[in-house]
Amino acid sequence: MFKSPVFRRVGIYLVLSTAAVTVVNQLQIEQQSAYQIYIPMFIGIYVVSRWLDSRFNQASQKQQANANSTQDKGSPSATERGFGS
């Protein structure tokens with residue numbers, strides 16, 4: 001998806017936080033009590049964004065491993081040749 005993990009994390013956090021703030025603003029909560037909702041919400045968004053980032057990172061690592069294994073099939077390694085040949 002993204003090449004840099006920093007941009008991926010920031011992008012995930014921005015999308016989730018923008019959606020959450022929009023939903024909270026639609027609830028029309030008084031500004032005096034908004035912090036009671038925003039603080040736990042942003043902590044939860046941070047946790048969810050880190051979890052999503054780790055899932056994307058695992059998927060990209062699997063893709064890279066699959067790409068590397070298909071490239072390496074053309075040349076056998078020393079262990080695949082057998083008996084140290």
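How far apart should the ends of H1 be, given its 22 residues at 1.5 Å a residue? Keep that in mind while you get your bearings; this is a predicted model.

**Start with the whole protein.** Show it as a cartoon and you'll find three helices and zero strands, so to speak an α-α-α pattern when you read along the sequence. Of its 85 residues, 12% count as buried. Now switch on the surface: about 7100 Å² is exposed, and carbon and sulfur atoms supply 60% of that.

**Next, select residues 5-26.** That's helix H1. Pick its two end C-alpha atoms: they are 32 Å apart, and the expected span is 32 Å too, so the two agree.

**Colour the buried residues of H1.** These are Arg8, Ile12, Ser17, Ala20 and Val24. They cover an arc of only 145° around the axis, so they sit on the same side of H1. Spin the helix to the face turned away from that buried side, and you'll meet the exposed residues Phe7, Val15 and Gln26.

**Zoom in on Ser17.** With a relative accessible area of 9%, Ser17 falls under the 20% cut-off, which is why it counts as buried. Follow its side chain: it reaches the backbone oxygen of Tyr13 at 2.8 Å. Leaving out residues up to four places away in sequence, Ser17 touches Phe42 and Ile45, so add those two to your selection.

**Zoom out to contacts.** Among contacts in the protein with a separation of 6 or more, 69% come from residues 24 or more positions apart.

**Last stop: Gln28.** Gln28 follows H1, and its phi is positive, near 55°.

Note on methods
Residues are numbered from 1 along each chain as its sequence is written. This is a predicted model: local features need pLDDT of at least 70, side-chain atom pairs count only at pLDDT 80 or more; totals for chains, interfaces and linings use all residues. Side-chain values use heavy atoms; hydrogens and water are left out. Helices (H or I, at least four residues) and strands (E, at least two) are DSSP runs, numbered from the N terminus. Buried means under 20% relative accessible area, exposed over 50%, partly exposed in between (1.4 Å probe, protein chains only). A polar contact is a pair of N or O atoms within 3.5 Å; within protein, one must be able to donate a hydrogen and the other to accept it, and residues adjacent in sequence count only if both atoms are side-chain atoms. Contact means heavy atoms within 4.5 Å. The expected span of a helix is 1.5 Å times one less than its number of residues. The arc is that of the directions from the helix axis to the C-beta atoms. Accessible areas come from the Shrake-Rupley method with a 1.4 Å probe; for residues, only the protein chains shown count as cover.
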